[in-house]
Amino acid sequence: MAGIRRLELAEALQLGPGWRHACHALLYAPDPGLLFGRIPLRYAVLMQMRFDGRLGFPGGFVDLRDGSLEDGLNRELGEELGEAAAAFRVERADYRSSHAGSRPRVVAHFYTKLLSLEQLTAVEMGAPRARDHGLEVGPAQDPTPPPPAPEGLSPLFARVLGSG
């Protein structure tokens, strides 16, 4: 995992002003449904189509004016997912991990939030009306597919940290 390392949250928050912080959240809910009418489902998970055609989790870059990582993440969720995201709040207790890359100097923070199936469905249905729905930072810089993520690191973190 050259250039990418896992950090404790306290360590990540101590990094200097030259570092940017990106927060993303996996929103999920228990789902009692059946796939194809016969295979039991366990959970429904909300993902978004990114600008580069890949699936990702909602969120984005946060900065000092947000007050905290969670405030910034909740702002991003509201912008990307719309009014239904106001029915819940991602908190510090939902935090799962942080990873840092040396180039660019980005720390990716990952959260998970358990919702009711009704809340998740409301978010999914309302997202197309959100202010920033479907917007990303721009077109992919390199049309060639990235190499596989380093062992033990999700493709999301590899892409955010610039190694994928």
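Is F36 buried or exposed? With a relative accessibility of 68%, F36 counts as exposed, because the cut-off for that label is over 50%. Keep in mind from the start that you are looking at a predicted model. F36 is a good place to begin the tour, so let us stay with this residue for a moment. You will find F36 in the loop between β3, residues 34-35, and β4, residues 39-40. Its backbone is worth a look too: phi of F36 is near 55°, a positive value in a residue that is not glycine. Most residues other than glycine have a negative phi.

Now step back to the whole chain. The protein has four helices and ten strands. Following the sequence from start to end, you meet them in the order β-α-β-β-β-β-β-β-β-α-β-β-α-α. Of the 164 residues, 41% count as buried.

A helpful strand to follow next is β10, which covers residues 106-114. Eight of the nine residues in β10 are buried, so the rest of the structure largely encloses this strand. What are its neighbours? One of them is β2: β2 and β10 pair in the parallel sense, over nine bridges. To locate this pairing on your screen, start at R20, whose bridge partner in β10 is V106. Another neighbour is β9, which runs antiparallel to β10 and is joined to β10 by six bridges. Here A100 is the residue to pick, as A100 stands opposite V107 in β10. The connection between β9 and β10 is a hairpin, made through four residues.

The aromatic side chains add another layer to this picture. A search of the whole structure finds three aromatic pairs, and two of them are described here. In the pair of Y28 and Y43, the ring centres are 5.5 Å apart and the planes meet at 65°; since an angle over 60 degrees counts as edge-to-face, that is the label for this pair. Y28 belongs to strand β2, residues 20-30, while Y43 belongs to strand β5, residues 43-46, so the contact ties together parts that are 15 residues apart in sequence. Both rings belong to residues that are partly exposed: Y28 has a relative accessible area of 22%, and Y43 has one of 45%.

The pair of Y95 and Y111 is also edge-to-face, because the ring centres lie 5.6 Å apart with the planes at 75°. This pair links distant parts of the chain, with Y95 in strand β9, residues 95-101, and Y111 in strand β10, 16 residues apart. In this case the two residues are buried: Y95 has a relative accessible area of 16%, and Y111 is at 0% relative accessibility. Both values fall under the 20% cut-off, which is why the two residues get that label.

R20, the residue you used to find the pairing of β2 with β10, has a further contact to show you. R20 lies over the face of F61, at 3.7 Å from the ring centre.

From here, move along to H21, which is also placed in strand β2. H21 counts as buried, at 14% relative accessibility. The chain brings H21 and L64 to a C-alpha to C-alpha distance of 9.7 Å, although 43 residues separate them in sequence. Where do H21 and L64 turn up together again? They are among the residues that lie nearest the centre of the second largest pocket, along with V62, D63 and L69. This pocket holds about 360 Å³ of space and is lined by 14 residues. Sorted by class, the lining has seven nonpolar, four polar and three charged residues.

Two more stops show parts of the chain that are apart in sequence. A44 lies in strand β5 and is buried, with 18% relative accessibility. The C-alpha atoms of A44 and P30 are separated by 6.4 Å, and the two residues are 14 positions apart along the chain. The last stop is E79, in helix α2, which spans residues 69-81. E79 is a charged residue by class, and at 15% relative accessibility E79 counts as buried. Measuring from C-alpha to C-alpha, you will find E79 and A127 9.1 Å apart in space, with their positions 48 residues apart in sequence.

How values were computed
Residues numbered from 1 in each chain as written. Predicted model: local features only at pLDDT ≥ 70, side-chain atom pairs only at ≥ 80, totals over all residues. Heavy atoms only, no water. 1 Å grid on protein atoms, 1.4 Å probe; cavity = no way out; pocket = protein on both sides within 12 Å on 5 of 7 lines; lining within 4 Å. Points joined across faces, edges and corners; volume = space filled by probe spheres on them. Phe/Tyr/Trp six-rings, centres within 6.5 Å; stacked < 30°, edge-to-face > 60°. Helix = DSSP H or I, 4+ residues; strand = E, 2+ residues; numbered from the N terminus. Buried < 20%, exposed > 50% of the residue type's maximum accessible area, 1.4 Å probe, protein only. Lys NZ or Arg CZ within 6 Å of the ring centre and 35° of its normal. Pairing = 2+ DSSP bridges.
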